[in-house]
Amino acid sequence: MKSLKTNFWLDAFILAGFLVALQPRMTGISIHEWFTLAATATLIVHVLLHWDWVIGITKKFFSNLFHISRLNYLVDGLLFIGFIVVITSGLVISQSVLPTFGIQIAGSRSWREIHNLSSNLTLLFVALHFALHWSWVKNTFNRLLIKPFPHRVPQARALPQPMNTASMKDAKAL
Amino acid sequence: MLKSIMRFLLILLIAIALGVGFYYLVQPAGQVSFRSGIGNLVNVSRDFGGEHGFREGGFSLTRGLFGITGNLMLIAVVTFIVISTRKIFSGKPATITTR
C-alpha cells in the first residue's frame, strides 16, 4: 500500500511537473530550465521504482511475451529517448543553466526546432504511456482517494418495536 | 539503499551518454566554449519580470494555463482513443443467448 501510494503521488507530480515544464511561457525561461533539470531526477526515480519490471521485460523482450507489456516497453523506451533529446537540446539552447556554470554552447535555430519538436513528440508518448496505464491510474485513484472516504452508509432499518400495552389494546380492539 | 543509488547513477550515466552522443551526432563541430568563473547568477534572477517579452525572459500565467489545458485535452483524447481501440480489439466473445 505504501509503495502504491508513493508510485501514485510521484507519478501525479511528474505529470503535473511535465505539463508545467512544457509551458515555458508560464514560468519564464530561467525557471523553466532549472525546474526541468531538477525534474529529471524524479524521472529517474520513476524508472528506479519500476526497475524490476524494466529488467524483467528486457530479458523476455524477444521471447514469448504478452503483447501489451511489449507495447508498454516500446513506448517507455521511446519516452526515455524523447526525454534525453528534450533535455540535451534544451541544454544546448540554454540561456540560464549552462551560462551559470560558465559554459556557452553555440545553439542555433535548428536546436530550438529540435527542442520544440521533441517536446511535442514526448507529450504524445506521455499521453500514450498514460493511456496504456489508464486502468492502473483509475483503480489506484479509486483506492487512494475515493475509497478512504466511505460512502454514506444507509441508515439501518428500524427494528420492530415491542408493542406497549395501549397499542396492544388497540390491536385487540381491531 | 546503496543498490538504488547505484541504479540511479547508472540511469543518469546512460542518459548523459545518450545525450552527449545525440549532441555530437547533430552538431559534430561541438562548439562549446568555457568562460571562466561559475556563478553568473544574474541569469537566474533576471527572468521574474512579467512585463518583458518571452524572449526577454518574461512570462504569462494565463497563456501558460491555456497551454496546460490544451495539453491535458490532448492527453484525454489520446487516452480515449487508446481505451476505445483496446475495447474493440479486446477479443471478448460475443454474448450468446440460448433459448
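Colleague: How many helices and strands does chain A have?

Modeller: In this predicted model, chain A has nine helices and one strand. From the N terminus on, the order of these elements is α-α-α-α-α-α-β-α-α-α.

Colleague: Why is helix 3 of chain A called oblique to helix 1 of chain B?

Modeller: Helix 3 (residues 29–49) of chain A packs against helix 1 (residues 2–26) of chain B at an angle of about 120 degrees, and their axes are 10 Å apart. Angles from 65 to 115 degrees count as roughly perpendicular and those over 145 as roughly antiparallel. The angle of about 120 degrees belongs to neither class, and therefore helix 3 of chain A is oblique to helix 1 of chain B. The crossing of helix 3 of chain A with helix 1 of chain B is right-handed.

Colleague: Which residues meet where helix 3 of chain A contacts helix 1 of chain B?

Modeller: Helix 3 of chain A contributes Ile44(A), Val47(A) and Leu48(A), which meet Ser4(B), Arg7(B), Phe8(B), Ile11(B) and Leu12(B) of helix 1 of chain B. By class, this contact has six nonpolar residues, one polar and one charged.

Colleague: What is the mean pLDDT of chain B, and which of its elements have the lowest and highest means?

Modeller: Chain B averages a pLDDT of 71, with 58% of the residues scoring at least 70. Among its elements, helix 2 (residues 42–46) of chain B has the lowest mean, 45, and helix 3 (residues 61–88) of chain B the highest, 88. The pLDDT is below 50 over residues 34–51 of chain B.

Methods
Residues numbered from 1 in each chain as written. Chains lettered and ligands numbered in written order. Predicted model: local features only at pLDDT ≥ 70, side-chain atom pairs only at ≥ 80, totals over all residues. Axes fitted to C-alpha atoms, helices over the stretch in contact; angles between N-to-C directions. Helix = DSSP H or I, 4+ residues; strand = E, 2+ residues; numbered from the N terminus. Parallel < 35°, antiparallel > 145°, perpendicular 65-115°, else oblique. Left-handed = near helix turned anticlockwise from the far one by under 90°. Contact = placed C-beta atoms within 7 Å. Nonpolar A, V, L, I, M, F, W, Y, C, P; charged D, E, K, R; others polar. pLDDT = per-residue confidence, 0-100.
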